[in-house]
Amino acid sequence: MKTTIIAALIGSATAFAPAETGRATTAVSETKADLEVLAKKLNPVIGFYDPLNLAEAEFWGQSNEATIGFLRHAEIKHGRIAMFAFVGYIVHANGIKFPWAMQMDGTPFPDANGNPPALWDSISDDAKWQIFSLIAFLEFWSELSTPNHVHYMRGGKPGDYPDFVSGPEGIPHPVPFNFYDPFRFSKNMSEEKKESRLRAEINNGRAAMLGIFGFLSAQCAEGSVPLLTGVVPPYDGEPMAPFVTNYLGSAW
């Protein structure tokens, strides 16, 4: 998790060329049949694979369509973070960092000899809390449901991130760029092209999720990923702990 967080905010995932489908104009209520069609487009060899029957579930007393919206959005979002993490991991493993100071006191960006999880451990808690605060705000904003943005469990498009709105009903200062297409390069892109790029994003996100956990597994359990043996350095810390210090005490 710690590698995912730091890489998601510092690394770059442009190599994966992720793309959304644009703003929702009509309600989207997908069913299991829609997922089966999408699965064939994403991977014609494997097709639809749902051993836990999640596509038929109704989480928290919600409808099946709302549950599918939740699952679709969760996969797209986690895939995007994994793409950031995967590329960010490679960047940090090669010692690439900003040349200026990381903190106001002149503390430089850490290196940790090409060990990304250890690099995260070396960052101060104050800096981590700033990162977590930004993540919390982005999560809060992503869950908004407004007249211009329908929630993904209420017919909105899974993966669609709401624009940053300024004014009385939004952020109290101008925000020049949005998450999706900040420079509006794809404003004239056809719907068919957008759908094709979204499918590519989903597949790349799935690959990145396997990739980042492959890196972490190889570091924490020697030999667990034979192809990475001797490629990534070992790590004896706790990759899922956000802080080196256990502030909450033992779980047992």
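Helix 3 (residues 64–93) and helix 6 (residues 191–220) pack against each other in this predicted model, with an angle of about 55 degrees between them and their axes 7 Å apart. The two helices are therefore oblique to each other, and helix 3 passes helix 6 in a left-handed crossing. An aromatic pair, tyrosine 89 with phenylalanine 215, also links these two helices, and the points below take up the contact, the aromatic rings and a buried histidine of helix 3 in turn.

**Contact of helix 3 with helix 6**

- Two packed helices are described by the angle between their axes and the distance between the axes.
- Here the angle of about 55 degrees lies outside the range of 65 to 115 that counts as roughly perpendicular and is not under 35, so the packing is classed as oblique.
- On the side of helix 3, the contact is made by Arg72, Glu75, Ile76, His78, Gly79, Arg80, Ala82, Met83, Ala85, Phe86, Tyr89 and Ile90.
- On the side of helix 6, the contributing residues are Leu198, Glu201, Ile202, Asn204, Gly205, Arg206, Ala208, Met209, Gly211, Ile212, Phe215 and Gln219.
- Sorted by class, this contact has 13 nonpolar, six polar and five charged residues.

**Aromatic pairs**

- The structure holds 17 aromatic pairs, among them tyrosine 89 with phenylalanine 215, whose rings are stacked at 4.3 Å centre to centre with 5 degrees between the planes.
- This pair links distant parts of the chain, since tyrosine 89 in helix 3 and phenylalanine 215 in helix 6 are 126 residues apart.
- Tyrosine 89 counts as buried because its relative accessibility is 2%, which is under the 20% cut-off, and phenylalanine 215, with a relative accessible area of 12%, is buried as well.
- Tryptophan 129 and phenylalanine 243 form another aromatic pair, which is tilted, with 5.1 Å centre to centre and 40 degrees between the planes.
- That pair also links distant parts of the chain, with tryptophan 129 in helix 5 (residues 125–142) and phenylalanine 243 in the segment after helix 6, 114 residues apart.
- Phenylalanine 243 has a relative accessibility of 12% and therefore counts as buried.
- Trp129 and Phe243 belong, together with Trp120 and Phe132, to one aromatic cluster.

**Histidine 73**

- Histidine 73 is placed in helix 3, and its relative accessibility of 6% is the reason it counts as buried.
- Leaving aside residues up to four places away in sequence, histidine 73 touches Tyr152, Pro158, Gly159 and Asp160.

Conventions: Residues numbered from 1 in each chain as written. Predicted model: local features only at pLDDT ≥ 70, side-chain atom pairs only at ≥ 80, totals over all residues. Heavy atoms only, no water. Axes fitted to C-alpha atoms, helices over the stretch in contact; angles between N-to-C directions. Helix = DSSP H or I, 4+ residues; strand = E, 2+ residues; numbered from the N terminus. Parallel < 35°, antiparallel > 145°, perpendicular 65-115°, else oblique. Left-handed = near helix turned anticlockwise from the far one by under 90°. Contact = heavy atoms within 4.5 Å. Nonpolar A, V, L, I, M, F, W, Y, C, P; charged D, E, K, R; others polar. Phe/Tyr/Trp six-rings, centres within 6.5 Å; stacked < 30°, edge-to-face > 60°. Buried < 20%, exposed > 50% of the residue type's maximum accessible area, 1.4 Å probe, protein only.
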